[in-house]
Amino acid sequence: MRTVLPRGGFDWWALYLRGLVALFGVAMLVVGAPPDRPVPLVAIPLVLLLVPAGILSVREETSRGTHRVAAYAGTALELLIVTLLVYVTGGTGSLFYVFYVPVLIWGTAGRGLLAGVIGGWVAALGYALAVGLRQAPTLEALSRTALLALLGLLVGVLEQRRADAMTAALRGAEELARRARVAAELQAVVDAMAGLALADRARRVLERLVRLAGADVGVVIVLDVEQRAVVTATVDPQEAWRRGEVLPRTAVLEEVLQSGLPRTAVDAATDPQWAAVFGRGRMGSAVLFPLRSGGQTFGAVLLARREVRLFSEPEVEATETVLAAAALGLRDAQMQVQAHEFTMSAVNVLAAALEAKDPYTRGHSQRVASSAVAIAEEVGLPPEEVERIRWASLLHDIGKIGTPEHILRKRGPLTDEERVIMNLHAERGAGILQEFAPFRALVDYVRYHQEAYDGSGYPEGLAGEAIPLGARIIRIADTFDALISDRPYRRGRTVNEAMAELRAMAGSALDPFLVEVFLRVLQVKPPFEVQLRLWRER
């Protein structure tokens with residue numbers, strides 16, 4: 001492996017060494033030559049020529065992307081100059097024999113074993129030629145020639161080991177940098193997912209994976225409660241896939257989901273196994289990773305490039321490392337979604353059971369929920385609290401399942417005894433919800449939704465802020481819908497009449513602050529059902 005510097009750079013240490021050697025050569029010419037053998041004047045410019053020849057060699061050999069011919073030419077020029085110096089200064093007795101040593105070192109620097117051997121042989125040949133032109137071959141000349149060849153081998157071996165050590169150090173540094181980058185991505189992924197819903201988490205993770213792997217396209221696929229492969233997030237300029245789209249569980253997708261192992265494609269567009277699922281996107285090289293958590297595959301992540309260019313092993317390893325950490329957060333969000341869907345299904349089943357028994361409640365719970373949510377949002381409650389109020393509103397009358405049908409369906413006013421039985425529905429509803437863990441947070445809202453602000457309500461006669469906020473909100477929404485709904489024994493009020501009644505009840509049955517909030521909602525952005533009623537009343 002050649003060690004190279006940026007274009008136009010120098011190995012300054014080598015340049016300083018060349019300068020010192022050139023000065024040493026000039027000193028030998030001036031003061032080191034024996035009196036009986038004067039040095040020819042031509043030797044001085046030859047020594048000085050070593051500097052530009054060395055600069056050419058060092059600059060070209062360390063310029064990134066430059067062809068090596070110029071670098072080798074500079075080294076060959078150095079060897080030629082030293083050969084001429086040996087020739088003009090006396091053959092085997094030449095002081096410039098020692099110059100072959102630095103020339104060999106310079107000539108093989110960064111080029112390894114082969115260059116060292118060749119450099120040694122070239123130096124030996126040059127020396128033998130210079131000596132042979134001056135005198136008859138001698139044992140001393142032969143030994144020096146062999147020493148140069150051996151020296152070239154030694155320098156080449158040392159340089160190869162240095163290059164290997166530098167390569168190992170560079171790879172170690174690159175590995176440390178890669179691990180640091182992956183660690184940073186892991187932390188960033190964990191931080192980015194905190195508190196987000198599944199789709200938002202998937203989008204944040206996917207954006208980082210696309211950037212980390214150098215991909216052009218990314219798709220996160222998560223299995224829903226019916227085990228359908230649903231597109232949860234995409235990074236695709238061409239918008240070949242839409243969020244919420246269901247992909248066919250066939251071919252390569254089904255294989256990855258079943259095996260839990262990644263699959264790669266050199267050219268996905270021409271591979272029928274990939275085209276069967278991802279054929280609408282223009283893709284070249286692609287890789288499909290499984291999403292796994294707790295030994296279970298719950299989805300997959302597609303990363304693809306537009307051109308045919310395979311993902312490298314480090315890119316795949318880094319992606320798998322980040323994805324393994326992100327899968328925990330995605331799985332958690334998926335479980336939350338499934339739990340929410342299950343809970344909503346249970347709510348709908350219970351509401352449907354109540355409506356089947358009491359026709360009056362048909363649509364009543366949904367309308368109460370719409371108004372209660374509007375109040376909660378206007379007050380500025382957090383989303384999770386708004387959702388609890390929605391569920392409690394849908395189930396606030398669930399206790400009426402235990403109320404006799406002749407009381408529920410009575411066409412006239414209730415007697416005192418019947419009213420006592422009817423009023424049990426709040427406590428009975430709380431008892432039903434208490435038995436189901438996901439609904440326990442709703443128990444107090446259902447139990448106290450008939451409490452009055454002045455303490456005249458039931459079942460416990462709570463007053464003011466002793467009544468849970470969610471229960472006070474449901475009481476207002478429930479009262480409003482009861483006022484505008486038709487009963488067998490009376491017609492429902494108009495919206496404006498109901499608003500006037502609410503205002504009159506503020507401070508007695510209803511929380512006055514929440515009444516004003518709801519009246520403002522009805523005037524500015526009423527729920528859809530109220531908008532329809534207002535339109536009919538005009």
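This passage describes the overall architecture, aromatic contacts, salt bridges and selected residue environments of a predicted model.

The protein comprises 20 helices and six strands. Of its 538 residues, 46% are buried. Among contacts with a sequence separation of 6 or more, 65% are made by residues 24 or more positions apart. The protein exposes an area of about 26,400 Å², of which carbon and sulfur atoms supply 61%.

Part of this surface is organised as a nonpolar patch formed by Leu113, Leu147, Leu150 and Leu153, which together present about 350 Å² of accessible area. Helix H6, spanning residues 139-193, makes the greatest contribution to the patch, with three residues. Leucine 113 is located in helix H5, which covers residues 112-134. The relative accessible area of leucine 113 is 37%, so this residue is classed as partly exposed.

Aromatic contacts were examined next. A pair of aromatic rings is described by the distance of the centres and the angle of the planes. Four aromatic pairs are present in the structure. One of them joins phenylalanine 436 to phenylalanine 439 in an edge-to-face arrangement, with 4.7 Å from centre to centre and 85° between the planes. The two partners fall into separate accessibility classes: phenylalanine 436 has a relative accessible area of 25% and is therefore partly exposed, whereas phenylalanine 439, at 1% relative accessibility, counts as buried. A further edge-to-face pair consists of phenylalanine 480 and phenylalanine 518, for which the centre-to-centre distance is 5.2 Å and the angle between the planes is 85°. This pair connects distant parts of the chain, since phenylalanine 480 belongs to helix H17 (residues 469-484) and phenylalanine 518 to helix H19 (residues 512-524), with the two positions 38 residues apart. Both phenylalanine 480 and phenylalanine 518 are buried. In addition, Trp241, Trp274 and Phe278 are joined in one aromatic cluster.

Two arginine residues are placed over aromatic rings. Arginine 305 lies over the face of phenylalanine 311, at a distance of 4.0 Å from the ring centre. For arginine 447, the charged end sits over the ring of tyrosine 448, 6.0 Å from the centre of that ring.

Salt bridges were then considered, and a search of the whole structure identifies 20 of them. In one of these, arginine 306 is paired with aspartate 236, and the closest N and O atoms are 2.8 Å apart. The bridge links distant parts of the chain, 70 residues apart: arginine 306 is in the loop between strand S6 (296-304) and helix H10 (313-357), and aspartate 236 is in the loop between strand S2 (229-235) and strand S3 (246-247). Arginine 306 and aspartate 236 are both buried.

Another salt bridge is formed by arginine 309 and glutamate 307, with 3.0 Å between the closest N and O atoms. Arginine 309 has a relative accessible area of 40% and is thus partly exposed. Glutamate 307 is likewise partly exposed, at 35% relative accessibility. A salt bridge is also made by the side chains of aspartate 397 and lysine 400, for which the N to O distance is 3.6 Å. Aspartate 397 and lysine 400 are both buried. Beyond these individual pairs, salt bridges with shared partners connect Asp224, Glu226 and Arg228 into one network.

Two further residue environments were characterised. Arginine 472 is situated in helix H17. Its relative accessibility is 12%, and arginine 472 therefore counts as buried. When residues up to four places away in sequence are not counted, arginine 472 touches Tyr453, Gly464, Glu465, Ile467, Asp511 and Leu514. Glycine 329 is part of helix H10. With a relative accessible area of 14%, below the 20% limit, glycine 329 is classed as buried. The C-alpha atom of glycine 329 is separated by 7.7 Å from that of arginine 201, although the two residues are 128 residues apart along the chain.

Conventions:
Residues are numbered from 1 along each chain as its sequence is written. This is a predicted model: local features need pLDDT of at least 70, side-chain atom pairs count only at pLDDT 80 or more; totals for chains, interfaces and linings use all residues. Side-chain values use heavy atoms; hydrogens and water are left out. Rings of Phe, Tyr and Trp (its six-membered ring) pair if their centres lie within 6.5 Å; planes under 30 degrees apart count as stacked, over 60 as edge-to-face and the rest as tilted. Buried means under 20% relative accessible area, exposed over 50%, partly exposed in between (1.4 Å probe, protein chains only). Helices (H or I, at least four residues) and strands (E, at least two) are DSSP runs, numbered from the N terminus. A charge sits over a ring if NZ of Lys or CZ of Arg is within 6 Å of the ring centre and within 35 degrees of the ring normal. Patches are made of residues with over 30% relative accessible area and no salt bridge: like charges are joined within 9 Å, nonpolar side chains (Val, Leu, Ile, Met, Phe, Trp, Tyr) within 5 Å. Accessible areas come from the Shrake-Rupley method with a 1.4 Å probe; for residues, only the protein chains shown count as cover. A salt bridge is a side-chain nitrogen of Lys or Arg within 4 Å of a carboxyl oxygen of Asp or Glu. Contact means heavy atoms within 4.5 Å.
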